[in-house]
Amino acid sequence: MKSINSKGIKAAITAVSGYVPSEILSNSDLEKMVDTNDEWIVSRTGIKERRIARNPLEPTSFLAIQAANQLLQKKNIDPLTIDLVLVATVTPDMGVAATAAYVATQIGAHNAFGFDLQAACSGFLYGMSTASMYIESGRYKKVLLIGADKMSSIVDYTDRTTCIIFGDGAGAVLFEPSENDFGFENSYLRSDGSGRDSLNIKAGGSLHPFDENTFTEGSHNIMQDGQTVFKNAVKNMADASEKVMLQNKLSGDDIAFLLPHQANKRIIDATARRMNLSEDRVLMNIEKYGNTTSATLPLLLSDYESKFSKGDKLIFAAFGGGFTWGAVYLTWNYNN
Ligand code: UT7
């Protein structure tokens, strides 16, 4: 999907911010909780520690609000000028009542509407395409896209195959009409529902409503068939990145940075190899945050913002439950 419209409006990211809780859950902490060790976790995933919002009064909306407020303050933006708040998340505060609506109210975006977007680890990627299209329509001028997840609320800390991977965090970006030629260029987004048995939270939806058995068997927590997810992630993240590069006649040399979903360093390395990218152009923070699901991409933007220059060609790529996956090509809009 090429982002050219009849009105000639291009959507650009004009501000970014990130928030992670202060509490660190290290590999050595996990060694005391499950049968694992630092060497295994680092060599299989690249993760050294993750952040945890242990306080029950700090749900996903809390993380999202911290990131959003930071962005508004940083760029001195009046929240009343925000048109839309989108929250990509798999851990909404509640099953019904969009977290985005609550976040919008709490940050003072009283003229905005808000809704959540759920596409597992691809949520922020899909959200970038959604936010861009609202801007490109010409009817909306400021769309706040937040990726936020409190993964610790759905992780079973006795399951060593999932508890070592996930962490909590949030990141926010503002989309506005571009005032130069740079912004959202193109995307390649896909899904395959036959993969839903390999990565899911089984209980709590209309297929398996909560009952006494769902709690006994622990199916209210996230589960995955790690190897199946791994194989599909390696293939599809690399395929999607290659596809979006081909569609835009880009070679590895043209790309300033790859921003890959932070699920596993080995998946990231395989994607970078297929794109012919040197290590210094592949952005990573998995070692300190783990997999924060919807928050990995905006947290990369926030951590590495100072490295970007106007016109830099960036590729974002993600793979997640559903299955969902894809890649976005964006040219960076501003110098710091
Ligand atoms: O964001 C999208 C969501 N998730 C992903 O992208 C995750 C994709 N998958 C993965 O990242 C990897 O599959 C994992 C990190 C989850 C697992 O790594 P793996 O190399 O695929 O390990 P494995 O499942 O093949 O297990 C290898 C061995 C097994 O022992 P045996 O059967 O060989 O004796 C596991 O029981 O490692 C064992 N194992 C562990 N050992 C120490 C599994 N988890 C652990 C652990 N610590 N935490």
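**The interface between the two domains**

In this predicted model, the protein is divided into two parts, with domain 1 spanning residues 11-177 and domain 2 spanning residues 184-331. The C-alpha centres of domain 1 and domain 2 are separated by 14 Å. Where the two parts meet, 49 residues belonging to domain 1 are in contact with 42 residues belonging to domain 2. The area buried between domain 1 and domain 2 amounts to about 3500 Å², and carbon and sulfur atoms contribute 63% of this area.

Polar interactions across the interface were also examined. Between domain 1 and domain 2, 17 residue pairs are found in polar contact, counting pairs in which both residues have a pLDDT of 80 or more. On the domain 1 side, at least two residues that touch domain 2 are supplied by each of the strands β1 (11-19), β3 (49-51), β6 (143-150) and β7 (168-177), and likewise by each of the helices α2 (38-45), α5 (123-136) and α6 (160-163). Among these elements, α5 gives the most to the side of domain 1 that touches domain 2, providing seven residues. When the residues on this side of domain 1 are sorted by character, 24 are nonpolar, 15 are polar and ten are charged.

As for salt bridges, one is found across the interface of domain 1 and domain 2. A salt bridge joins the side chains of Lys74 and Glu305, with a distance of 2.9 Å from N to O; Lys74 falls within the bounds of domain 1 (11-177), while Glu305 falls within those of domain 2 (184-331).

Note on methods
Residues are numbered from 1 along each chain as its sequence is written. This is a predicted model: local features need pLDDT of at least 70, side-chain atom pairs count only at pLDDT 80 or more; totals for chains, interfaces and linings use all residues. Side-chain values use heavy atoms; hydrogens and water are left out. Domain bounds come from an automatic or database domain assignment. Contact means heavy atoms within 4.5 Å. Buried area is the accessible area (1.4 Å probe) that two parts lose on being put together, summed over both. A salt bridge is a side-chain nitrogen of Lys or Arg within 4 Å of a carboxyl oxygen of Asp or Glu. A polar contact is a pair of N or O atoms within 3.5 Å; within protein, one must be able to donate a hydrogen and the other to accept it, and residues adjacent in sequence count only if both atoms are side-chain atoms. Helices (H or I, at least four residues) and strands (E, at least two) are DSSP runs, numbered from the N terminus. Ala, Val, Leu, Ile, Met, Phe, Trp, Tyr, Cys and Pro count as nonpolar, Asp, Glu, Lys and Arg as charged, and the others, Gly among them, as polar.
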